[in-house]
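Please open the structure in your viewer and keep the sequence panel beside it, since this tour moves from one selection to the next.

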Amino acid sequence: MKVEYRGGYVGYLGYEVRYDCLDDGCRGEHCAVFDPDNTNPRVPSAAFLFADQSLVYDHHLDEWYAIGVAADEETTMGNILSWVREISNTITSIGKNRIIESDRTIYGKPKQSPAVAFTPNRSKEQHCMDVNRSHDEIRKGESYELCVTNQFTANIGLPKHPQKQIHETPLELYKRLRRRNPAPFSSFFNLYPQKSISGGTKSAKVSICCSSPERFLCMRKAAGFQDTYEFIIESKPIKGTASRYRSEGSNEDHEFVEKADSEIASMLKASVKDRAENLMIVDLLRNDFGRVCKIGSVHVPKLMHIESYATVHQMVSTVRGKVDGRSTNAIDVIEACFPGGSMTGAPKHRTVEILDEIECGVSRGPYSGCMGYISLNGCMDLNIIIRTAVLTPSEDINESTEAWRVSIGSGGAITALSNSNDEYDEMLLKSRAVREAVCEWIQSRTA
């Protein structure tokens, strides 16, 4: 097989799992007191499902893989092969009968999407004060980069779907987000258990629609060493974002648009501030990797490389190292590196303590955490949960409507060179594609 995944655990770790990973945990006066009014009880700090039956699609080769795992003694190889044959026939049947539809057929004729009132947890004025506070901490030598974030929330009501249960409808939003803002580490996770988790009074109910461009951690067998314990780990931190050139209309010259867009990417690559942000996080990750990697194996094959996506240009670096699978597993690597340095700042431990104070004890939830798989063969691939909408159903539901609480996290790294107004605008830019996708989803359901 050409894929690393062999069945295993699929899910996410929310940002608050940092208390289980950072050595000093929660200490005295630096321990955040979470605000219950701004912490959603329906969203668990972490959730993983054991996938004993998986379908894996290779987008590059246009190939499907059916992967079955004997999760207990009652499951035999015959059971697994029977499921593989059944699902293979289903995929073949779908392929033969599939009707290729245009975007217009799938999504309908483009219309003006309704405005949705997303309310930030902290106002623009407060955000500017937070940037000033960050500058004070930098001047005092407490930190040299802080990733200050905010949560944009909205309560929306939709007519009930005539053919789907309420927990099935967020997939529609994910498809629209994926179309509007395609990204290499996009993912969708739906958690609607039948029973309350850990005896809680409220069941965990959450849908995560993620269009992340950022890889947190990848762990794979070293090339040519499939039968040994040699693993390569990789992270691709993003620091530095610029909006792509948006054409004013169809009459604009294509060559002019390309040139204008290229100039924006060149300006990002030359930005002293963004390069400083990126370099700090690369250095932090090299330190995290050094805790688990073989001595001398940590290296940076790509430094401050510009990657372009549908709506933004990003400055991305690549950090790699080697680990010995006999003494180090995927959980060890996660523990050494979580939370991702691009979502905290540096130095990590003290900066996280300051951020707890700045963000007023509001849980980030899944945002700033990671999502992906941990495979039974020791491999894993996890993204950074950014450019993401987190949906939980509201209690305000009746026979004709469904109600949702939508939360979108966004933020940016504050350094000594940061300008408070620019940082707020960058935060809005990063959340724009997700907010627009939510508006488009609402329009499609209410038209």
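Is Asp 62 buried or exposed? Select that residue in this predicted model, and you will find that Asp 62 is exposed, because its relative accessible area is 55%, above the 50% cut-off for that class. Asp 62 sits in the loop that runs between strand 3 (53–58) and strand 4 (63–68), and its phi is near 55°, a positive value in a residue other than glycine. Most residues other than glycine have a negative phi, and most peptide bonds are trans.

Next, select Arg 387, which also has a positive phi, of about 50°, although it is not a glycine. Arg 387 belongs to the loop between strand 16 (380–384) and strand 17 (388–393). With a relative accessibility of 10%, Arg 387 counts as buried, because the limit for that class is under 20%.

**Into the largest cavity**

Rolling a probe the size of a water molecule over the atoms shows where empty space is left. In this structure the count comes to six cavities of 30 Å³ or more, and the largest cavity holds about 150 Å³ of space. Its lining is made by 18 residues, and those closest to its centre are Met 343, Ile 386, Arg 387, Gly 411 and Lys 430, so selecting these five will bring you to the right place. To see which elements give two or more residues to the lining, colour strand 11 (238–243), strand 18 (401–414) and helix 9 (420–446). By character, the lining residues of this largest cavity divide into six nonpolar, eight polar and four charged.

**Along helix 9**

Keep Lys 430 selected and add Glu 426, whose side chain meets that of Lys 430 in a salt bridge with an N to O distance of 2.9 Å. Both residues lie in helix 9, four residues apart, which is about one turn of the helix. Glu 426 is buried, with a relative accessible area of 12%, and Lys 430 counts as buried at 12% relative accessibility. Side chains of opposite charge can pair when their charged atoms come close.

How many salt bridges does a search of the whole structure find? The search finds 31, and two further examples also involve helix 9. For one of them, select Glu 172 and Arg 445, which form a salt bridge whose closest N and O atoms are 3.4 Å apart. Glu 172 lies in helix 4 (residues 170–180) and Arg 445 in helix 9, so this pair ties together parts that are 273 residues apart in sequence. Glu 172 is buried, with a relative accessible area of 15%, and Arg 445, at 12% relative accessibility, counts as buried.

For the other, select Glu 436 and Arg 246, whose side chains meet in a salt bridge at 3.9 Å, N to O. Here too distant parts of the chain are linked, since Glu 436 is in helix 9 and Arg 246 is in the loop between strand 11 and helix 5 (254–270), 190 residues apart. Glu 436 counts as partly exposed at 24% relative accessibility, and Arg 246 is partly exposed with a relative accessible area of 47%. If you now add Arg 176, Arg 179, Arg 180 and Glu 440 to the selection, you will see the network of salt bridges that links these residues with Arg 246 and Glu 436.

**Two cis peptide bonds**

Move to Phe 338 and Pro 339, and look at the peptide bond between them, which is cis, with omega near -10°. Pro 339 has its place in the loop between helix 7 (330–337) and strand 14 (345–346). Then step along to Ala 346 and Pro 347, where the peptide bond is also cis, with omega near -5°. Pro 347 lies in the loop between strand 14 and helix 8 (348–358).

**A nonpolar patch on the surface**

For the last stop, show the surface and select Tyr 9, Phe 50 and Leu 376, which together make a nonpolar surface patch of about 290 Å². Phe 50 is part of strand 2 (residues 46–51). Is Phe 50 buried or partly exposed? With a relative accessible area of 34%, Phe 50 is partly exposed.

Key:
Residues are numbered from 1 along each chain as its sequence is written. This is a predicted model: local features need pLDDT of at least 70, side-chain atom pairs count only at pLDDT 80 or more; totals for chains, interfaces and linings use all residues. Side-chain values use heavy atoms; hydrogens and water are left out. Patches are made of residues with over 30% relative accessible area and no salt bridge: like charges are joined within 9 Å, nonpolar side chains (Val, Leu, Ile, Met, Phe, Trp, Tyr) within 5 Å. Accessible areas come from the Shrake-Rupley method with a 1.4 Å probe; for residues, only the protein chains shown count as cover. A salt bridge is a side-chain nitrogen of Lys or Arg within 4 Å of a carboxyl oxygen of Asp or Glu. Buried means under 20% relative accessible area, exposed over 50%, partly exposed in between (1.4 Å probe, protein chains only). On a 1 Å grid over the protein atoms alone, a cavity is a set of points where a 1.4 Å probe fits but cannot get out, and a pocket is an open set with protein on both sides within 12 Å along at least five of seven lines; lining residues have an atom within 4 Å of a point. Grid points are joined across faces, edges and corners, and a volume is the space filled by probe spheres set on the points. Ala, Val, Leu, Ile, Met, Phe, Trp, Tyr, Cys and Pro count as nonpolar, Asp, Glu, Lys and Arg as charged, and the others, Gly among them, as polar.
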